[in-house]
Amino acid sequence: MTALLQAEGLQKTFHSRGREVHAVQNVSLSVSPGEALGIVGESGCGKTTTARMLLRLEEPSAGRIMFDGADITNAHGRHLIAYRARAQLVFQNPFDALNPRFTIRRSLTEPLRNFAIPVSEHQDRIESVMRRVRLVPAESWLDRRPHELSGGQLQRVVLARALISGPSLIVADEPVSMLDVSVRAGILNVLRDARDSLGLAALYISHDLALIRYVCEQTIVMYLGRIVEQGPTAELISRPAHPYTRALVAAVPVARVEQNREGLPIRGSLSDAPPDPSGCLFRNRCPSVMPRCATEAPTLRTIAPGRMVACHLEGAM
Amino acid sequence: MSLLSVRDLTVTYDTQRGPVRAVDGLDLDVPAGSITGLVGESGCGKSTLGRALMGVLPDRGKIAAGEVIFEGQDLQTFSASARRALRWRRMAFIPQTAMNALDPVQRLSAQMAEILIERGGLSGREATARSSELFRLVGLDPARLAAYPHHFSGGMRQRASIALALALNPSLVIADEPVTALDVIVQRQVLDVLRELQARLQLSMILVTHDMAVVAYACDRVAVMYAGQIVEAGLAAEVLERPLHPYTMGLTHAFPDVHDSQMSLVPIEGSPPDLHTPPPGCRFAARCPFADARCNNEPPPSRPFGPDHLVACWHAEDATTLRGRAADPQTWAAIA
Amino acid sequence: MLYWTRECPSVRSASRVLRFLRHEPFAVAGGAIYFVIVVVAVFADELAPYDPRAILKLGSRIARYQPISAQHWLGTNSSGRDVLSQVIWGTRSALEVGLTAAIAVVAIGTVLGLLSGYLGGWVDRVITWLADIVLGLPFLPFMLVLAALTHPGTGIVVFSVAALLWPNTARVIRAQVLSLRERAWVEAARVTGCSTTRIMFVHVLPQVLPLAALYGSVAIGWAILAEASASFLGFGDPTAISWGVMLQEAYANQALSRGAWNWFAPPGAAIMAMVLAGFLISRGSERLLFPKLADQ
């Protein structure tokens, strides 16, 4: 299947106090209709910046973004609005994602108005999207304001707002991390159902591999702005190739008393990034570091069909 | 013999709509030398309980009834200053965000010294030595004592606030969601620090969390809280493997498992009851797929069920069959 | 030591504001003063015992410098006009000047603060630079020069207040917008296709209006004070009935040395009450708008 969204060589460089900070370096990815791709990594790994660039909320310093065959890297005005109608975002914090003064109806009407959808369709669209996120009957919710809703209900409204313009791509940035455990599953299920029944392409951003496993077939692991590994989620978790992925998988707690409690195969902390960015950025924390890692930055190479890793280790599998 | 024993504790808050019982007739035992996980969703009263135990409820909250027996003494009979003397020395607190425990404009060495000298009566030299020792204990370089909190990453700050809490050798540490705000690798490292320290210093710890996986990883015991009451409590292995309360069953199916391609997660539909007007029967009844007339009318008492396992559910006898049904999403969908 | 995070009140609903006002005697007192003044201005016709311009007679003589009496609760002035009636009618011009100036200040300050805070970049630099210059201009000389160059009158007063007072409003609005810009729902407005103009005026503006209104209440007092000063110095509209003109006439007729305090004290007190009301309201709402500030 041809990719719906494709990014090539995305870069984002911030300038702070005269220093260059490479938030995202040379990230390429693609998502097809009906496919869910997860980007996983710790805070500061560049996953959110990548998502924001893909949604044109942040301007890339370099690289190209293609959507449905068109280059939208520099789209603006009418073309940008057209892109926005088809690429929507689900926010992390539902308590802050809706205008506190707007009723739910107004928040849902806002995209319809902006994307010039005929007024005659508004009521039908609102009702069908409220059914999809299971806030029924719609009329009992539409005239409320955000402060009258719980976190789970708010996130359903945020989902409804994202779906109402009939997008082809949904980006979800930590969609359940601010929610109570009892309602998380409900939100994830709605997202999964929407993707299946509408054939959406989905991009999930999370620090939680377990969540990514639940919703994504493909996963990209990022570390300090670079992709270190990518591949089918289940394989990547059962046989991680990159030492960082290995540590990440080992660190995820599971709800079973019998589990591995050995020390993690990683040293130091995120702040131990090497000052000299020429080699591998993970080398100061890597349990299998080699002399070559300090001089030569590993590039992404294919190790099996669909699996890529950026590591010099031969037996990375 | 329990280090901490809470009997029939009720904490009320004054609100615009009248008093509300955030904690209502709660019993809890924390044995010496164990980590007890206190699990529940937001608003279930777990943070209020933590504050009440520490004696730092906000102004509009008060302990309305019940007793808190700590090291054999009823804390309710203590004066405010005796209570204050107990904090840090016998019981200490680790908040969710380390920035709430650390003073942003003081070097960590100064913050350590303040507690060690003023609360602990150590000399300046002793305080310096003890600070270094504490930093090593939590895996921080003692040279970093000269730093300010903002020089630290989130994980390092949380380690520093653990060091601060342990400064005066308390016997009980209450940690309120200590790893929730942290990245997964850092989270694991901080949990490991807590586990190691607990074992080495024979501490008792109450670890407040919403995450069953954190309980499974770090806790010996667990107490599940719902709407101001403990609905199930016991050994972590027992409760997680053989949950007796439908709420606990629901929680164990609400999380994705990284090593398992689950077909479907099971949400617990509905929301907790309004504690201004709690339901007459079981508080979970409205969200429970197994509730019947008795559940709606009579509050289930907490009763022992097997060794070291307490549950407040009328249907605990049928738990084995209910567990099977609770794994099926259809069972819970009927509630919505 | 242990810091328990405290919930901060935020501006949510009108009922919440009202509830807050009950605990805020400052703001309530300020509001009460405004309320009284508005009522007096609206019903000036009914309330004033005499035509404020009428030259009253006592027999065949002009009733100059009448002391306080049952007929003239505040006496009369040197031209035989009833002081109470003038004070009552003065509320109208005070409110006229105050409200127009306040609306102008709030409008200019809010729009410029909004543009500056939301757009950033060169727009922000230009507006900030302009605000810095304007803040450096001394008020009275500016107004007097302007009045001298054109026609003296209330128009000049309103214009001067608006031209010189907007930077205060613009600054706080800008700061507020800078923090609102980072809110997820503002980004959500972008994602859902809102134009920049729509985000600024439909989404962000309503959030900063309470703050703008607060600065407006201060501007009312300022404008009235400015009008009084201008009139007192002879740059006002001499035909108007205003508290400033009353003070000027009292001064010109040596009311002070005649001990005719019943002539100048009432308009003076009225001006003070008006300025005080603005201050009380802003002081009282501070805790509502900046809960953290009030905690310290």
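**Exercise 1. Is Glu174(A) buried, exposed or partly exposed, judged by the number of other C-beta atoms within 10 Å?**

Solution. The model is a predicted one, and the first step is to place the residue: Glu174(A) lies in the loop that joins β7 (169–173) to α7 (181–198) of chain A. The second step is the count, which gives 19 other C-beta atoms within 10 Å of Glu174(A). A residue is called buried if 20 or more such atoms are found and exposed if 12 or fewer are found, so Glu174(A) is classed as partly exposed. The backbone of Glu174(A) adds a further detail, since its phi is positive, about 45°, although the residue is not a glycine.

**Exercise 2. Carry out the analysis of backbone and surroundings for Glu71(B), and then describe the peptide bond from Val136(A) to Pro137(A).**

Solution. Glu71(B) is located in the loop between β4 (61–70) and β5 (73–74) of chain B. Its phi is near 50°, which is a positive value in a residue other than glycine. With 16 other C-beta atoms within 10 Å, Glu71(B) is partly exposed. In chain A, the peptide bond that leads from Val136(A) to Pro137(A) is cis, with omega near -10°, and Pro137(A) is found in the loop between α4 (119–132) and α5 (139–142) of chain A.

**Exercise 3. Determine the strand order of the sheet in chain B that contains β4 and β5, and state which strands stand at its edges.**

Solution. The sheet is open and is formed by 4 strands of chain B in the order β2-β1-β4-β5, with antiparallel pairing. In this order β2 (18–31) and β5 of chain B each have a single partner strand, so they stand at the edges and one side of each is left without a neighbour in the sheet. Helix α1 (residues 46–54) of chain B packs on the sheet, where it touches β1, β2 and β4 of chain B, and its direction makes about 70° with that of β2(B). Within the sheet, strand β1 (residues 2–15) of chain B pairs with β4(B) in the antiparallel sense over 8 bridges, and in this part of the structure Thr10(B) stands opposite Ala65(B) of β4(B).

**Exercise 4. Follow Glu232(B) through its bridge partners, and explain why β10(B) is described as largely enclosed.**

Solution. Begin with strand β9 (residues 221–226) of chain B, which pairs with β10(B) in the antiparallel sense over 6 bridges; here Val224(B) stands opposite Glu232(B) in β10(B). The hairpin of β9(B) and β10(B) has 2 residues between the strands, and in it Ala227(B) takes a positive phi near 50°. Next, β10(B) pairs with strand β12 (residues 309–311) of chain B, again antiparallel, over 3 bridges, and in β12(B) the bridge partner of Glu232(B) is Val311(B). Finally, 6 of the 7 residues of strand β10 (residues 229–235) of chain B are buried, so the strand is largely enclosed by the rest of the structure.

**Exercise 5. Describe the helix pair α6 and α9 of chain C by angle, handedness and contacting residues.**

Solution. The axes of α6 (residues 139–149) and α9 (residues 196–232) of chain C come within 11 Å and cross at roughly 55°. The two helices are therefore oblique to each other, and their crossing is right-handed. On the side of α6(C), the contact is made by Phe139(C), Leu140(C), Met143(C) and Ala147(C), which meet Ala226(C), Ser229(C) and Ala230(C) in α9(C). By class, the residues of this contact comprise 6 nonpolar, 1 polar and no charged.

**Exercise 6. Describe the side of chain C that touches chain A, and name the element with the largest share.**

Solution. Chain C contributes 13 residues to the contact and chain A contributes 20 residues. The elements that give two or more residues to the side of chain C are α8 (184–191) and α9 of chain C, and the largest share, 6 residues, comes from α8(C). This side of chain C has 6 nonpolar, 3 polar and 4 charged residues.

Key
Residues numbered from 1 in each chain as written. Chains lettered and ligands numbered in written order. Predicted model: local features only at pLDDT ≥ 70, side-chain atom pairs only at ≥ 80, totals over all residues. Axes fitted to C-alpha atoms, helices over the stretch in contact; angles between N-to-C directions. Parallel < 35°, antiparallel > 145°, perpendicular 65-115°, else oblique. Left-handed = near helix turned anticlockwise from the far one by under 90°. Contact = placed C-beta atoms within 7 Å. Nonpolar A, V, L, I, M, F, W, Y, C, P; charged D, E, K, R; others polar. Pairing = 2+ DSSP bridges.
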